[in-house]
Amino acid sequence: MRYNLILIALFIPLTGMAQLSAPLANAVRLTSYPVTTGRSDPVFIFCRSSGFTSGSVQASSPGGTAPFNFSWYGWNNSQGSFSDSLKTDVSVPGSTATNLGEGGYRVHITDGSGYDTSLYAWVFIDGPYANARLQNFTCEYVALNGTAAVDTFYYYEPANGTKVKLKNGYTFLWSSDPSSAIPYPGIYIDPVTFSPPLEDVVYKLQVADSFQCSSESSFPYTSIHVKADFQVDPNEGQAPLKVSFTDKSIRGETYKWEFGDDSISYLKDPGIHTYYRPGEYSIKLTIESNLHCVDSLRYNKITVDKSEMSIPNVFTPDGDGLNDYFVVEAKSLRSINVEIYSRSGLRVYSFSGQGEALADWKGWDGNVNNSSIKAAPGVYYYIIRAVGWDDVVYDGKAYRGFLYLYR
């Protein structure tokens, strides 16, 4: 029996609250009267952002026998009571009060058999405040200024008219369209971004309160910011290495390219730049807009291979497409001189070249002195001299030796 009493005591206030309802309300809270303890009246919140400028409350009788008489009264703050008569509905099963402004309401319910009760509710029209504006901007940052506020609502203690504050708070969130960086958009009401947008955006501040009501404010922002950017192709290879630079910068008006080899270009698109010396190069692009905003980008790294040379000792000029030429495997050579002799001392092939001639050289095809006469299979002697673009000289015993020709 003890537990049944507890359950009944818990159920009574919920049943009483259910007799007044507001289906269109955005949120419902309960009063906490400091003097009139044991009684909790519903507080109905209507959001202005949902189009409400007034509220509506429905009443049904918690007891008695239908039909009922419903008499509605409003809270009179000067008298400290529910004494302002609003309307009466006679011999009806239920009643709805509409166009209700902010304040407290009582509905007195009777039937024809002596049933008599009153129900109470409070109505508030809620609208958080949001204001977004531009605080400041430079080439390096954008500073936003936001204001967020919520309405303060009071209901009144029925016993003595004391004001009781209804708890309310808010959260906010900054965003932009298109999306851009905003640091801690839900923490700092006045955020400053040092990664400013590179395109025009609309900044928006959304504010929501404890009653799920919301408001937003926005403004357009025209970007002035710049970004230095470029594409490199290729970024490595042997000398002379021809590298293509393609500008991909935003709002660049003037350009300065520093290629890392003491050469500079002020063209927007410098085209192809040639690196002759083996090594690693760091490239820097600096741009400036017509509003004197400056940005730079450094690219690390372009690698030009050091000179190398490897000499094969056999080749098979039989026309099968495999190993048909005696060719020096090399990187970054500036020049080369090749001489090949038969065992009797007769020179059967020679080549000397640099630049384009060296780049186009395919090697010895096994014919005597570039004629149609094919050299006989056997052992041949080579002498090779070369100089790399890094000034390394390839000469001496290491670059003299025998090679074998097979057919």
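Helices and strands are DSSP runs, of at least four residues for a helix and at least two for a strand, numbered from the N terminus. With these labels in hand, the tour may begin; please note that the model is predicted.

**First stop: the largest pocket**

Select β28 (329-331), β29 (333-342) and α2 (355-360), for each of these elements supplies at least two residues of the lining of the largest pocket. Helix α2 gives the most, with four residues. The volume of this pocket is about 410 Å³. The lining comprises 20 residues, and the closest to the centre of the pocket are Q238, L333, G355, L358 and A359.

**Second stop: a nonpolar surface patch**

Next, select Y184, I187 and Y188, which together make a nonpolar surface patch of about 370 Å². Now keep I187 alone; this residue lies in the loop between β14 (170-177) and β15 (192-193). Is I187 buried or exposed? I187 counts as exposed because its relative accessibility is 57%, and exposed means over 50%.

**Third stop: V28 in strand β2**

Move to strand β2 (residues 27-30), where V28 is found. The relative accessible area of V28 is 41%, so this residue is partly exposed. Which residues are in contact with V28, leaving aside its neighbours within four places in sequence? They are P42, V43 and F44, and these may be selected together with V28.

Finally, add S218 to the selection and display the C-alpha atoms of V28 and S218. These two residues are 190 residues apart along the chain, and their C-alpha atoms are separated by 30 Å.

Notes:
Residues are numbered from 1 along each chain as its sequence is written. This is a predicted model: local features need pLDDT of at least 70, side-chain atom pairs count only at pLDDT 80 or more; totals for chains, interfaces and linings use all residues. Side-chain values use heavy atoms; hydrogens and water are left out. Patches are made of residues with over 30% relative accessible area and no salt bridge: like charges are joined within 9 Å, nonpolar side chains (Val, Leu, Ile, Met, Phe, Trp, Tyr) within 5 Å. Accessible areas come from the Shrake-Rupley method with a 1.4 Å probe; for residues, only the protein chains shown count as cover. A salt bridge is a side-chain nitrogen of Lys or Arg within 4 Å of a carboxyl oxygen of Asp or Glu. Buried means under 20% relative accessible area, exposed over 50%, partly exposed in between (1.4 Å probe, protein chains only). Contact means heavy atoms within 4.5 Å. On a 1 Å grid over the protein atoms alone, a cavity is a set of points where a 1.4 Å probe fits but cannot get out, and a pocket is an open set with protein on both sides within 12 Å along at least five of seven lines; lining residues have an atom within 4 Å of a point. Grid points are joined across faces, edges and corners, and a volume is the space filled by probe spheres set on the points.
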